[in-house]
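Trainee: I am new to this structure and would like a close look at a single part. Could you pick one helix and walk me through its surroundings?

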Amino acid sequence: MNQNLYSLLSSHFPKNPAAPCMILPDGRVWTYGDIERASGRIANLIMKLGLQPGDRVAAQVEKTPEALVLYLATIRAGMVFLPLNPAYQRQELDYFLGDAKPGLFVCRPQSRALADELATQAGVPHVLELDDAGRGSLIDAATPHADAFATAARNSADLAAILYTSGTTGRSKGAMLSHGNLAHNAKTLHDYWHFQPGDVLLHMLPTFHVHGLFVACHCVLLNGSAMFFEPKFDAVRAMSLLAESTVMMGVPTFYVRLLLEPTFGHETCRNIRLFVSGSAPLLKETFDEFKARTGHTILERYGMTEGGMFTSNPYEGERRGGTVGFPLPGTELRIVGAGGSATKAGSVGNIQVRGDNVFVGYWGMPEKTKEEFTTDGFFKTGDMGTWDRDGYVVISGRSKDLVITGGLNVYPKEIEDLIDAMPGVVESAVIGLPHPDFGEAVSAVVVRQKNPAGKALTESGIIAAIKDRLANFKVPKWVYLVDELPRNAMGKVQKNILRKNYSPMPGR
Ligand code: AMP
């Protein structure tokens, strides 16, 4: 049997090609037939361009139905999809294109000049455009092609996607995910969360990330269901669409924002059977308030780019706030202490996972990949956690000091390097501080030199100097100017102390 993920998904598409798949804000509908035909045309185009199985198709585009279809067409043709956050700037893009060397780069029209320049440098042979209305040279070039396309034969170990995660050492790593990895997680979640006929998903997540692209879309496609496909989260809009949806998946920020709406409550959620939260910790207060206001118990789950979802609170049975539930079927999860032995309930250790969903390795980094796996094949997630007395997993922190802001990951090193390079700066430490809306706000603690350049540094000056070189979500919201950083006996900066010492700056 063809193990191409597209074959699995399309075998679950409704018999009736007129069945809706994506419902857009303006009321337009993309049917399952539309998806088959449009992905067929783009797959034919990709072949015509001369890409070979395994070649990468990178896309830095806005969330549109066409962008999702580009993903499906890519895997259908046997190529490897590489989604990029539209917020990425020149420096970041330069690295991704140079590292992944895609055979095709699809960009937004407004960044065409930059795309051409970087593509030439990186030896990327084809650049096409897709705009935020789903138009552009990609679609123009695909239109003359046939709708029919025989899905390329792939084995489960063949690559389907590469998603870049930032590296603590400053270098981003491309997590390679196979058709088998994605299929395994998709089937598990579809089952575990009881997807059923008639389900309609409210989709307000970005589609360059594992949550919105894989977790949400695969569940919908495997179920042959419809989804409200919205460009981004908006609490008022969400409240009106919830009335016609049965499932919502979101990052904790979505739930915090819904609770800020005075009229949000039981009535708004009367049609919903499941609220799922993940990508960042859901505060127990949010979990409790949501239950009190709506009668719904949010199901929190935990996972990462390198393997999709690892744990979930139960569909039936107690969903416990402050926990991420149990290891999913097919995922082995262990929590090990410093010496490598399994921890007892209540004691914090490193979370490691093994299973068919766990990624193949980091693109072009065999040594790094080897370091991140144990000799018996468990992946070291970098997350710290505990088992509670009933076997629920509790995430206690990130050993790698990742900052998660609005569900997006920010690795401090990348920002620290830019700040440290500024005149007048001795050093800096970037941490996450609690933020009511984003969960965490990127915050920089900066040590000034005692010279005129150092004295001239200001909070807004530092932000302005790096703003154009970073995606907006990575730019520090708050900057603290100090004389020195706390260090431990080994000379390491103690970020835990910084987090305690610096308080959020509300309203800024
Ligand atoms: P990403 O690869 O962008 O999906 O980010 C993965 C990281 O997000 C994980 O390694 C965790 O640190 C964090 N994460 C994901 N889900 C949760 C959750 N439910 N609670 C706490 N942290 C989470």
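**Helix 4 and its surroundings**

Mentor: Happy to! Let's start where two helices touch: R90, L93, D94, L97 and G98 in helix 4 meet L114, E117, L118, A119, Q121 and A122 in helix 5. Keep in mind as you look that this is a predicted model. To find the pair, look for residues 90-100, which form helix 4, and residues 112-122, which form helix 5.

How do the two helices lie against each other? Two packed helices are described by the angle between their axes and the distance between the axes. Here the angle is about 35° and the axes are 9 Å apart. The crossing of helix 4 and helix 5 is right-handed.

Now look again at the helix 4 side of that meeting. An α-helix has 3.6 residues a turn, so residues three or four places apart point the same way. With that in mind, follow R90, L93, D94, L97 and G98 along helix 4, as each of these takes part in the meeting with helix 5.

Next, which residues of helix 4 are buried? They are E92, L93, F96, L97, D99 and A100. L93 and L97 should look familiar, since they are among the residues that meet helix 5.

Helix 5 is one of several partners of these buried residues. They also pack against strand 3 (56-59), strand 4 (80-83), strand 5 (104-107) and strand 7 (159-165). Another partner is helix 13, which you will find at residues 412-420. If you colour those elements one by one, you can trace what the buried residues of helix 4 pack against.

Finally, see what comes after the helix. Helix 4 is followed by K101, and the phi of K101 is positive, near 40°.

For comparison, try another helix in the model. Helix 10 covers residues 252-259, and six of its eight residues are buried, so helix 10 is largely enclosed by the rest of the structure. The buried ones are P252, T253, F254, Y255, L258 and L259. What covers them includes helix 9 (235-242), strand 11 (247-250), strand 12 (274-277) and helix 11.

Helix 11 itself spans residues 284-294, and E289 lies in it. E289 is partly exposed, with a relative accessible area of 38%.

So, to return to where we began, helix 4 has a right-handed crossing with helix 5, and its buried residues pack against strands as well as helices.

Technical notes: Residues are numbered from 1 along each chain as its sequence is written. This is a predicted model: local features need pLDDT of at least 70, side-chain atom pairs count only at pLDDT 80 or more; totals for chains, interfaces and linings use all residues. Side-chain values use heavy atoms; hydrogens and water are left out. Axes are lines fitted to C-alpha atoms, for helices over the stretch in contact, and angles run from 0 to 180 degrees between N-to-C directions. Helices (H or I, at least four residues) and strands (E, at least two) are DSSP runs, numbered from the N terminus. A crossing is left-handed if the near helix is turned anticlockwise from the far one by less than a right angle, and right-handed if clockwise. Contact means heavy atoms within 4.5 Å. Buried means under 20% relative accessible area, exposed over 50%, partly exposed in between (1.4 Å probe, protein chains only).
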